[in-house]
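Reader: Could we go through this structure together, beginning with the ligand and then moving on to a pocket?

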Amino acid sequence: MRARYALLGRPVGHSPAPAMYGAAFKALQVEADYAATSVTDLELSDAMRRSADGGGGNITLPHKRRAAALLDVPTPSVGRSGACNCFWGARDGSLVGDNTDIGGFLRSARRLLKDAGTRLEGSRTLVLGAGGAARAVLIGLDEAGASAAEVFNRTRLGAEGMLDELKLEVLQARVLGDAGEAAGRYDLVINATSLGLRASDPLPLDLSRLETTAAFDCVYGREGTAWTRHARASGLAASDGLEMLVEQARISVLNWFGVEPPAGPMRQAALAALGG
Ligand code: NDP
């Protein structure tokens with residue numbers, strides 16, 4: 001019987017995930033299907049249990065935090081972040097979940113900084129946002145041994161609550177009251193807000209007045225994002241979230257099948273889906 005994997009979120013219509021995972025399954029020659037399903041808060045628990053029976057799936061907006069609370073066996077990454085984006089059924093029927101956004105961010109941010117001639121370890125960073133992506137980013141920075149993070153979020157209380165919950169070990173993090181306070185020297189500035197999803201969105205931050213080496217946008221697009229184009233025009237190394245998307249998906253497949261698919265076909269499939 002073919003295994004079945006699902007993307008559970010709301011909305012899911014424009015996600016490149018089915019194309020990307022389809023390419024991964026084909027490359028690994030595994031007998032599995034992947035489909036996106038829109039589910040409400042109330043439907044999430046049943047949908048996860050159904051999908052985990054002989055398979056698993058991914059969780060996207062707005063359910064990552066709710067999904068974490070529904071697991072029987074959370075990985076340490078879920079425990080630290082309070083968010084789950086990847087789940088599967090164990091042999092004994094229990095529901096297991098992981099947060100692969102953390103590893104996806106780490107892999108792609110390390111690559112960006114290496115290409116820019118620097119490294120994440122010991123870096124000074126500015127993180128925009130306080131949602132699920134920002135949590136994954138901050139835990140990744142902490143695990144990588146980054147030295148400092150200044151955090152700015154539209155809702156200051158949200159950023160303060162996030163830092164209280166995360167209990168960072170190495171990373172010295174503090175909340176900025178205003179984007180105007182972001183005036184230091186950074187190695188990396190990260191957009192983990194949802195600004196950039198819509199063409200009409202303003203830029204998350206004007207980079208021209210900052211001293212930084214690189215900019216990482218968790219938001220992705222077929223030709224980068226307006227913010228990564230702005231960063232490159234300001235002379236910075238920049239990456240949008242496409243590599244993070246591909247890497248978190250490769251780690252998801254590793255969780256499910258014990259082997260990582262090649263990135264190339266997945267990236268191509270995601271780009272084709274984004275262009276369609
Ligand atoms: P959440 O809904 O959890 O958080 C959204 C964040 O964006 C909050 O900090 C929110 O601020 C902020 N925000 C929303 N609208 C505005 C606005 N108009 N102005 C300023 N700030 C705003 O979403 P996620 O953290 O899960 O996702 C954020 C982005 O990251 C999404 O675009 C998502 O697609 C992307 N992402 C990419 C991944 C990848 O693999 N590349 C993985 C995960 C996410 P406030 O607290 O004030 O509401």
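**Ligand shell and a pocket**

Author: The shell around the ligand divides into 11 nonpolar, nine polar and three charged residues, where Ala, Val, Leu, Ile, Met, Phe, Trp, Tyr, Cys and Pro count as nonpolar, Asp, Glu, Lys and Arg as charged, and the others, Gly among them, as polar. This is a predicted model, in which local features need pLDDT of at least 70, side-chain atom pairs count only at pLDDT 80 or more, and totals for chains, interfaces and linings use all residues. Residues are numbered from 1 along each chain as its sequence is written, and side-chain values use heavy atoms, with hydrogens and water left out.

Reader: Which residues are the closest to the ligand?

Author: Of the 23 residues that surround the ligand (a heavy atom within 4 Å), the closest are Ala130, Ala133, Asn153, Arg154 and Thr155.

Reader: And what does the side chain of Arg154 do with an oxygen atom of the ligand?

Author: A side-chain N or O atom of Arg154 is 2.8 Å from a ligand oxygen, a polar contact (N or O atoms within 3.5 Å), while a polar side-chain atom of Thr155 lies 2.4 Å from a ligand oxygen.

Reader: Switching topic, what volume does the second largest pocket have?

Author: Its volume is about 310 Å³, taken as the space filled by probe spheres set on grid points joined across faces, edges and corners. A pocket here is an open set of points on a 1 Å grid over the protein atoms alone, where a 1.4 Å probe fits, with protein on both sides within 12 Å along at least five of seven lines; lining residues have an atom within 4 Å of a point.

Reader: Which residues line it closest to the centre?

Author: Of the 17 lining residues, Arg4, Tyr5, Ala6, Arg50 and Ser51 are the closest to the centre of the second largest pocket, and the lining has eight nonpolar, four polar and five charged residues.

Technical notes. A polar contact is a pair of N or O atoms within 3.5 Å; within protein, one must be able to donate a hydrogen and the other to accept it, and residues adjacent in sequence count only if both atoms are side-chain atoms.
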